[in-house]
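Please take the sequence and the model together, and follow the strands, the surface and the charged pairs in turn.

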Amino acid sequence: DKYIAKTGYSLAPLPEFMIDPFIGLYLGINAIIYDYGDGKIYPNYYRSLNILAAHGTKGKTNFGLEYYDYGRFLLYAKASYTISTLYPFYGYNGYQTVYREDYHNDLDDSYITAPFYNYNQKVGRLTSYIQDTITGTFFNWQVGFDIAYYSASRVNFSKVNKGVADSLKAPDVPTLYDRYITWGLIDEEEKDGGWANALRAAMVYDTRDRITNPMHGIWTDLTVRYTPSFLGNRYSAVQLAFTHRQYFTLISEKLSFAYRLRYDACFGDLPFYTRHVLADGNEGIGGTGVLGTGTLWGMHQNRIMTRQFATAKFELRAKLVRFRFISQNWYLAAVPLFHAGYLIEPVDLDLSGVSPEDIDRFFSSTDKRWYTAYGLGGKLVMNENTVIGLDWVHALDPGAGDNAVYVGFGYTF
């Protein structure tokens, strides 16, 4: 048999660990609990709970709970609180705002400061939705809400430099976030954060043969997210996300091909602190988010904040070997991948408050709009659903990203 049906509960813990001069010692745990019940729907499951708890000596904090319940209908809920002492900010419109490694690398002559592309962010968020099938079809309707409060401020240099040797301390000078405020690109009334409350609705078409790493089927959804001013938001906006995923079996239970096409758009205004949150709750084009994955790997997290953007992902998924260990089903997998994105419509930037010298230094008139990356992932999978991944991805343009290594749960889609 390719596997033995799993029953009852399954727990998979993954440590959170980081040592960095400006982050300090960061420790915690990221664990997923699956409930397989009587095993009749294995490899699918009845419910799951993802628990994340981690804290760093210089303030970086992540607490999160994410819950799925596949009962009569799908119930999803997620609560999180994060403190990011060095949250990434690369400006708007991707390549239009220049990224240069030497601006934050103290070995270069053009060095400004190590956290040049960062600011301090705190976020409390609650998200929930319900989803149910339209009888007799593969279509599902979905409705939900997001409640979030963001706090933003400049990097706390006293904290990040604490305990750092004098020769290595980051100079306390204006970061890109500070300069965007000075230039008027971030409004004074939103620079400190605020509410981001939204209503969401979606239509989903789903013929997948299983929830995790399907071998065949289609999974397509259209999501609309409305952030009205009457819910306490500074502006009103409508966001749209259309995502199409398809899975093909090449060799039964051994090799599959999967691709995902995605389109994101924003109509109306959003404050800077929530421009990276997309219609379906994904955080940012590029990099990874808390308890989830970003939309375009290989790019710096939040590298591309814009009005309209399209992405494509292509992956081969090879299950190399299956085995039993500690009474659990396991397999090892390899995933060659290629990701691409295209900027369709940029955010309008009024650079009249920027000096000619700063325009030359921090902005570009390039017409480049493509973002591409390739990579290879390795997966250790327990009971078909607990996917521990180690993925390496390389961005083809150094102005967008570099070599990136992702460690976490799940396939990219």
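**Strands, patches and salt bridges**

Strand S10 is joined to strand S11 (residues 237-251) by 11 bridges, and the two run antiparallel. A point of reference within this pairing is Thr223, which stands opposite Ala241 in S11. The model is a predicted one, and the positions described here should be read with that in mind. S10 also pairs with strand S9 (residues 198-206), again in the antiparallel sense, through eight bridges. Here Ala201 is found opposite Val224 in S10.

Val224 leads from the strand pairing to the surface, since Val224 is one of the residues of a nonpolar patch there, among them also Leu126, Phe145, Trp195, Tyr226 and Phe267, with about 1100 Å² of accessible area together. Two elements, strand S7 (139-153) and strand S10 (217-227), each give two or more residues to this nonpolar patch. Of the elements, S7 gives the most, with three residues. Phe145 lies in strand S7, and Phe145 counts as partly exposed because its relative accessibility is 31%, where the range for that class runs from 20% to 50%.

A patch of another kind is found where Glu101, Asp106, Asp108, Asp109 and Asp402 gather, giving negative charge on the surface. Asp108 has its place in the loop between strand S5 (74-88) and strand S6 (118-133). With a relative accessible area of 33%, Asp108 is partly exposed.

Further along the chain, strand S16 (residues 328-345) pairs with strand S17 (residues 370-382) in the antiparallel sense, over 13 bridges. In this pairing Ala333 stands opposite Lys379 in S17. S17 is in turn joined to strand S18 (residues 386-395) by 10 bridges, and these two strands also run antiparallel. Tyr374 is the residue that stands opposite His394 in S18. Between S17 and S18 there are three residues, and the two strands form a hairpin, in whose turn Asn383 has a positive phi of about 55°.

The charged side chains can be followed next. Side chains of opposite charge can pair when their charged atoms come close. Counted by the rule of a side-chain nitrogen of Lys or Arg within 4 Å of a carboxyl oxygen of Asp or Glu, the model holds 27 salt bridges. In one of them the side chains of Arg47 and Asp35 meet, with 2.4 Å from N to O. Because Arg47 lies in strand S3 (residues 47-56) and Asp35 in strand S2 (residues 24-35), this pair ties together parts that are 12 residues apart in sequence. What is the relative accessibility of Arg47? The value is 30%, so Arg47 counts as partly exposed, whereas Asp35, with a relative accessible area of 7%, is buried.

Another salt bridge brings together the side chains of Arg208 and Asp206, at 2.8 Å from N to O. Arg210 forms a salt bridge with Asp209, and the closest N and O atoms of that pair are 3.3 Å apart. Within this pair, Arg210 counts as buried at 8% relative accessibility, while Asp209 is partly exposed, with a relative accessible area of 27%. The pair belongs to a network in which salt bridges that share partners join Asp209, Arg210, Glu253, Lys319, Arg322 and Glu384.

Key: Residues numbered from 1 in each chain as written. Predicted model: local features only at pLDDT ≥ 70, side-chain atom pairs only at ≥ 80, totals over all residues. Heavy atoms only, no water. Pairing = 2+ DSSP bridges. Helix = DSSP H or I, 4+ residues; strand = E, 2+ residues; numbered from the N terminus. Patch = residues over 30% accessible without salt bridge, like charges linked within 9 Å, V, L, I, M, F, W, Y side chains within 5 Å. Areas by Shrake-Rupley, 256 points an atom, 1.4 Å probe, with all protein chains shown as cover. Lys, Arg positive; Asp, Glu negative; His and termini not counted. Charge placed at Lys NZ, Arg CZ, Asp CG, Glu CD. Buried < 20%, exposed > 50% of the residue type's maximum accessible area, 1.4 Å probe, protein only.
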